[in-house]
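Hello,

Here is the structure I promised to pass on to you. Please open it alongside this message, and I will walk you through what turned up.

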Amino acid sequence: MGRVDPTAPSTTFPPGIGPAPSQTSAFIRCPRLWALSGVLTPRESWTPHMLAGQALHRALEILLRPGSTVAEALDSGVNMLRLGWKPTGEWTLEGVEEHVKRGIRRLSKDRSDFIPEGSEILGTEMCLDHQNHTPEASAIPGTCAIADLIIREPDGRVTIVDLKTKLSSEMRWVERDLRFLPADHQLWDYTFRYTQMAHEMPARFRKVFLVCSPKVFILPGEVEVTVEGLRQWRLSTRDGWYQMGMGKQASYDRMNHHSCSAFGGCPMQFHCL
C-alpha cells in the first residue's frame, strides 16, 4: 500500500502528509466545531481530564516495562499529575489524584482485559509518522500520530490499542463510541500509518475505555481490519484533508454546521450556532 497522495492540492498539508488523526476525526464529526475548537481559534491547552489522561497513559507505559511494579507506576502517574496541576473550581487535586490511583491499580490488575496473555509489546506512545520525519513536515503543527500501544498477539498478528480515560462515568457516550467503533476515523488513520511504516497491515484495532468514577472499570471494543476498510477510509478522508487545509485560510462562518459521520448530529451544536 502506497503513501497517501491527495488528488487535490492543499495549502496546508504537503502531499503525503495529513493532519493528526484526532483532527481528522473532529472534522468528520463537525467541520464548524473543528474550526471553533482550536484550529482557527485559541483553545484551552489544559483541563483536569486531559492531565489525568496523560498521567494514566504514563502509568501504563511504566506497567508494561519488564520488571516494573505498581508502586513505580503510581509514583510516575501521580508526580505527572501534581507537576501539571492548575487551580480549578470544578475539581480538586486530591480528588483527581484519587481517581488516577484507582485507575492505575485497575490497569495493573485487569491488563489481560485488553492485552492477551503472551502478547509482545511492540511499542508504547509510538510515533507512526515515518513519512513526516522531514524538515518540511516537522515545521507543520498538527500532523503527528501517536499510538498509545501496539502489540503482537499470540496469533502472530498486530493489534493497535487506543486507551481512553474518563474521570467520571458517562456511559451513554462510551456506549455510543463503541457502537460506532467501525467508523472511528482516528483508529483507521493509525492503522493506515502503521501499514505504511511497518509494511504490515494490523489485524485489528482496539479501543479501551477506563472509567475511574464512581466505579472503576475497563470496557474494551475492537474491529477487524480489512483491505476494503482501509480503501474506504482513504476515499472518505482525501476530500476532508483538502477541506481542512483550506479551512485554516477561511472563515469558520462559511463552514457548514453538520456531521459527516454515522454518529449523528454534532454533540456540541449549541456552541456552533
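To start with the overall make-up, the chain has 10 helices and five strands. Please keep in mind that this is a predicted model. Of the 273 residues in the chain, 47% are buried. The exposed surface of the chain comes to about 13300 Å², and 52% of that is supplied by carbon and sulfur atoms. If you look at contacts between residues at least 6 apart in sequence, 74% of them join residues at least 24 apart.

A good place to begin the tour is helix H3, which covers residues 48–63. How do H3 and helix H4 cross? H4 spans residues 70–84, and the axes of the two helices come within 8 Å, crossing at roughly 155 degrees. An angle over 145 degrees counts as roughly antiparallel, so that is how H3 runs relative to H4. The crossing of this pair is right-handed. On the H3 side, the residues that meet H4 are Leu51, Ala52, Gln54, Ala55, Arg58, Ala59, Ile62 and Leu63. Their partners in H4 are Val70, Glu72, Ala73, Ser76, Gly77, Met80, Leu81 and Gly84. By class, the contact of H3 with H4 holds 10 nonpolar, four polar and two charged residues.

H3 also packs against helix H5 (residues 93–109), with the axes 10 Å apart and an angle of about 30 degrees. Because angles under 35 degrees count as roughly parallel, H3 is roughly parallel to H5. Here too, the crossing is right-handed. From H3, the contact takes in Pro48, Ala52, Ala55, Leu56, Ala59, Leu60 and Leu63. From H5, Val96, Val100, Gly103, Ile104, Leu107 and Ser108 take part. The contact of H3 with H5 has 11 nonpolar and two polar residues, with no charged ones.

While you are at H3, have a look at isoleucine 62, which lies in that helix. Is isoleucine 62 buried or exposed? Its relative accessible area is 7%, and buried means under 20%, so isoleucine 62 is buried. Beyond its neighbours within four places in sequence, isoleucine 62 is in contact with Ser68, Glu72, Ala73 and Ser76. You can also trace a link across the sequence: isoleucine 62 and threonine 124 are 62 residues apart along the chain, and their C-alpha atoms are separated by 9.7 Å.

Another helix pair to look at is H1 (residues 21–29) and H8 (residues 185–198). Their axes come within 8 Å and cross at roughly 140 degrees, and H1 passes H8 in a right-handed crossing. Pro21, Ser22, Thr24, Ser25 and Ile28 make the contact from H1, while His185, Gln186, Asp189, Tyr190 and Arg193 make it from H8. The contact of H1 with H8 divides into three nonpolar, five polar and two charged residues.

Finally, a stop among the strands. Lysine 166 is found in strand S3, which runs over residues 158–166. With a relative accessible area of 19%, lysine 166 falls under the 20% cut-off, so lysine 166 counts as buried. Setting aside its neighbours within four places in sequence, lysine 166 is in contact with Val174, Phe209, Leu210, Val211 and Cys212.

Happy exploring, and best wishes!

How values were computed
Residues numbered from 1 in each chain as written. Predicted model: local features only at pLDDT ≥ 70, side-chain atom pairs only at ≥ 80, totals over all residues. Heavy atoms only, no water. Helix = DSSP H or I, 4+ residues; strand = E, 2+ residues; numbered from the N terminus. Buried < 20%, exposed > 50% of the residue type's maximum accessible area, 1.4 Å probe, protein only. Contact = heavy atoms within 4.5 Å. Areas by Shrake-Rupley, 256 points an atom, 1.4 Å probe, with all protein chains shown as cover. Axes fitted to C-alpha atoms, helices over the stretch in contact; angles between N-to-C directions. Parallel < 35°, antiparallel > 145°, perpendicular 65-115°, else oblique. Left-handed = near helix turned anticlockwise from the far one by under 90°. Nonpolar A, V, L, I, M, F, W, Y, C, P; charged D, E, K, R; others polar.
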